[in-house]
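Visitor: Put the model up, please, and then I'll fire questions at you.

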Amino acid sequence: MDQERIEKQFSFIREIDREKFIGRQTYLSDGERKENDAEHAWHMAIMTVLLSEYANEKIDVLRTVTMLLIHDIVEIDAGDTYAYDEEGKKTQKERERKAAERLYGLLPSDQGEKLKSLWEEFEACATPEARFARCMDNLQPMMLNAVTDGKGWVEHQVELSQILGRNQNTHTGSEILWEYARKNWIDPNVEKGTIKGGK
């Protein structure tokens, strides 16, 4: 056993427990409290296992699941930037890049480089796996917003143009799932007025 290697691995494993404390703006399905980053990652990983058949292109499911489980770890240092926080987005990339260096740097170099590379792949959104992962990252909060009668959308006075702007590339991961989301989650909430600016 390589003592130094296993110590680095457990150091990283202990550190990422902090992801459970990073709050997001999306309510859980009962509408009682908002989810944290770790819950979000778990949910998207399961979604990928179940929904990968709808990907536009064949994907490596394990690679995609791994990408989703690790991509928000940077928010331990950088914090969660809300989807429609335009001010926060100005510094998001730099905050997250610094966080990636520190956090993935806790691991043995081979594993750290592998996870950092997956994080960069997600950010670039240029592979079938990254496109499907980004699709999951957009659809999961949308689904929870819909099941809570648009509670988060109402709280932040979100407009249809904002949702469509954020999701302009969601279809590149899965045309089928984007069409499903539009028909079952977005359009009904526009009709109810929980999403503004659609009439």
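**A walk through the fold**

Visitor: Which helices do the buried residues of helix 6 pack against?

Guide: This is a predicted model, where local features need pLDDT of at least 70, side-chain atom pairs count only at pLDDT 80 or more, and totals for chains, interfaces and linings use all residues. Residues are numbered from 1 along each chain as its sequence is written, and side-chain values use heavy atoms, with hydrogens and water left out. Helices (H or I, at least four residues) and strands (E, at least two) are DSSP runs, numbered from the N terminus; buried means under 20% relative accessible area, exposed over 50% and partly exposed in between, with a 1.4 Å probe and protein chains only; contact means heavy atoms within 4.5 Å. On those terms, the packing partners are helix 1 (3–15), helix 3 (61–70), helix 5 (86–104) and helix 7 (128–147).

Visitor: Which residues of helix 6 are buried?

Guide: Start with the frame: helix 6 covers residues 109–124, 16 in total, and its first and last C-alpha atoms are 22 Å apart, close to the expected 22 Å (1.5 Å times one less than the number of residues). An α-helix has 3.6 residues a turn, so residues three or four places apart point the same way. The buried ones in helix 6 are Gly-112, Leu-115, Lys-116, Leu-118, Trp-119, Glu-121 and Phe-122.

Visitor: Which residues touch the most other members of the largest nonpolar core?

Guide: A nonpolar core here is a set of buried Ala, Val, Leu, Ile, Met, Phe, Trp, Tyr and Cys residues joined through side-chain atoms within 4.5 Å. The largest one has 43 residues, and those touching the most other members are Tyr-104, Met-136, Leu-139, Met-142 and Ile-186.

Visitor: Which helices each supply at least two residues of this core, and which gives the most?

Guide: The contributors of at least two are helix 2 (37–51), helix 3, helix 4 (75–78), helix 5, helix 6, helix 7, helix 9 (160–166) and helix 10 (175–192). With eight residues, the one that gives the most is helix 7.

Visitor: What does Met-142 contact?

Guide: Met-142 is among the residues that touch the most other core members. Skip its neighbours within four places in sequence, and its contacts are Trp-153, Asn-167, Trp-178, Ala-181, Trp-185 and Ile-186.

Visitor: On to charges. How many residues apart in sequence are the parts that Arg-102 and Glu-15 tie together?

Guide: The structure holds 19 salt bridges, each a side-chain nitrogen of Lys or Arg within 4 Å of a carboxyl oxygen of Asp or Glu. Arg-102 and Glu-15 make one of them, at 2.6 Å from N to O. Arg-102 sits in helix 5 and Glu-15 in helix 1, so the separation of the parts they tie together, in residues, is 87.

Visitor: Is Glu-15 buried or exposed?

Guide: Glu-15 belongs to a salt-bridge network with Arg-18, Asp-77 and Arg-102. Its partner Arg-102 is partly exposed at 35% relative accessibility. Glu-15 itself has a relative accessible area of 17%, which makes it buried.

Visitor: Which residues does Arg-131 touch, beyond those up to four places away in sequence?

Guide: Arg-131 lies in helix 7 and is buried at 17% relative accessible area. Its side chain meets that of Glu-57 in a salt bridge, 3.0 Å from N to O; Glu-57 is in the loop between helix 2 and helix 3, 74 residues away. Cys-125, which follows helix 6 with a positive phi near 55°, is also on the list. The full set is Glu-57, Cys-125, Ala-126, Thr-172 and Gly-173.

Visitor: Glu-75 is in helix 4. Which side chain of opposite charge is nearest to it, and how far away?

Guide: Lys and Arg count as positive and Asp and Glu as negative, with His and the chain ends not counted. Glu-75 is buried yet has no salt bridge. Its contacts beyond four places in sequence are Ile-22, Asp-37, Asp-80, Thr-81 and Glu-96. The nearest opposite charge is Arg-24, at 5.1 Å.

Visitor: How far apart in space are Tyr-82 and Gln-25, C-alpha to C-alpha?

Guide: Tyr-82 is in the loop between helix 4 and helix 5, and at 19% relative accessibility it counts as buried. Among its contacts outside four places in sequence are Gln-25, Lys-89 and His-156. Tyr-82 and Gln-25 are 57 residues apart in sequence, but their C-alpha separation is 6.7 Å.
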